[in-house]
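Visitor: I have a model open here and would like to talk through its inside with you. Could we start with the words you use?

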Amino acid sequence: MRSLIDILDLTTEEIDALIEKAKDIMLRPDAYREKCRYKKLATLFFEPSTRTRLSFEAAMLELGGSVLGFSEAASSSSAKGESVSDTVKIVSGYADIIAMRHFKEGAPLVASMKSDVPVINAGDGGHNHPTQTLADLLTIKREKGSLNDLTIGLCGDLKFGRTVHSLIAAMSRYKGIKFTLISPDELKLPSYVKNTYITLKNIPCTETNSLEEVMSNLDILYMTRVQKERFFNEEDYLRLKDSYILTPDKLKNAKKELSILHPLPRVNEISTEVDSDPRASYFRQAKNGKYIRMALIMMLLGVE
Ligand code: NCD
């Protein structure tokens, strides 16, 4: 039995196979309608979510399975003081696979050690978000044709942005990758992520405060929201929240083939005027999330 807690729990070959499977599901959805018949997915979400939870649920429904779960800690027994371990032990008796989001880093890992069924990390605090990364990789593959030879700019809250940490880990395994880290000093990439996936792997990397300065070099621009819920005080959040706002004007000297990604939700980081630019890939990215989660559920349930 396998869980997905960290994106690197998957080999590069497995990721490539998931991407190919997701593309096939898009082409031939009818061939997959019964694949998970009589299987149940439990979504245990202790933190807010729209895309992740609903795309997981849609994914299971489109595979012919069913879903159960809760979407806030307050409506589960954790409000009565139940531990994550106990909750998961119980739910693994009701469902065939579990997707869990938790505000505590490491909670899905603990859950996977107690569970009798596969556990998928659907985001743990400011740590990791491997299934968003799968959606990101599918998007990059579809938009750029390859996961190699890309200059990837990551912009915004690189400190608390869990999607950024997982994406850097995943991309560090491909060839010809260069990272450009764009953030205010207070929201720089944590050193454990930088050391493990960039420095130790000798991956070219530049750090800057200025998006304008680096825009013309980028193949991918990954925008992120400043993670309000991880701040200790409101004042710092208010000061930093609008550090970067992408507008059509700022895209003037960007490459024609640039691809703009954002895990969403956006708050202010991308002006809605950018949405009609063909380089804006974020709505396609959100849709891709459903297909790659279908592929992942099938893989972890051993369904062919
Ligand atoms: C992200 C998350 O939850 O980390 N959202 C998502 O799952 N698509 C990004 C965010 O909340 O900013």
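Guide: For sorting residues, Ala, Val, Leu, Ile, Met, Phe, Trp, Tyr, Cys and Pro count as nonpolar, Asp, Glu, Lys and Arg as charged, and the others, Gly among them, as polar. This is a predicted model, in which local features need pLDDT of at least 70 and side-chain atom pairs count only at pLDDT 80 or more, while totals for chains, interfaces and linings use all residues. Residues are numbered from 1 along each chain as its sequence is written, and side-chain values use heavy atoms, with hydrogens and water left out.

Visitor: How many cavities of 30 Å³ or more does a search of the whole structure find?

Guide: The search finds one, with a volume of about 60 Å³. A cavity here is a set of points, on a 1 Å grid over the protein atoms alone, where a 1.4 Å probe fits but cannot get out, and lining residues have an atom within 4 Å of a point.

Visitor: And what lines the largest cavity?

Guide: Its lining includes G156, P184, L187, M223, K241, D242 and E269, and the lining residues divide into six nonpolar, three polar and three charged.

Visitor: Switching topic, which residues touch the most other members in the largest nonpolar core?

Guide: They are L134, L154, I168, M171 and F179, out of 58 residues. Such a core is a set of buried Ala, Val, Leu, Ile, Met, Phe, Trp, Tyr and Cys residues joined through side-chain atoms within 4.5 Å, where buried means under 20% relative accessible area, exposed over 50%, and partly exposed in between (1.4 Å probe, protein chains only).

Visitor: Why does this core lie between the two domains?

Guide: Domain 1 (7-128 + 289-301) and domain 2 (130-285) both give residues to it, so the core lies between them; the domain bounds come from an automatic or database domain assignment.

Visitor: Which backbone spots should I look at?

Guide: A cis peptide bond joins L264 and P265, with omega about 5 degrees, and L264 also has a positive phi of about 65 degrees although it is not a glycine. L264 is found in the loop between strand 9 and helix 10, where helices (H or I, at least four residues) and strands (E, at least two) are DSSP runs numbered from the N terminus.

Visitor: Is L264 buried or exposed?

Guide: L264 counts as buried, at 12% relative accessibility. N202, another non-glycine with a positive phi, of about 55 degrees, is exposed, with a relative accessible area of 68%.

Technical notes. On a 1 Å grid over the protein atoms alone, a cavity is a set of points where a 1.4 Å probe fits but cannot get out, and a pocket is an open set with protein on both sides within 12 Å along at least five of seven lines; lining residues have an atom within 4 Å of a point. Grid points are joined across faces, edges and corners, and a volume is the space filled by probe spheres set on the points.
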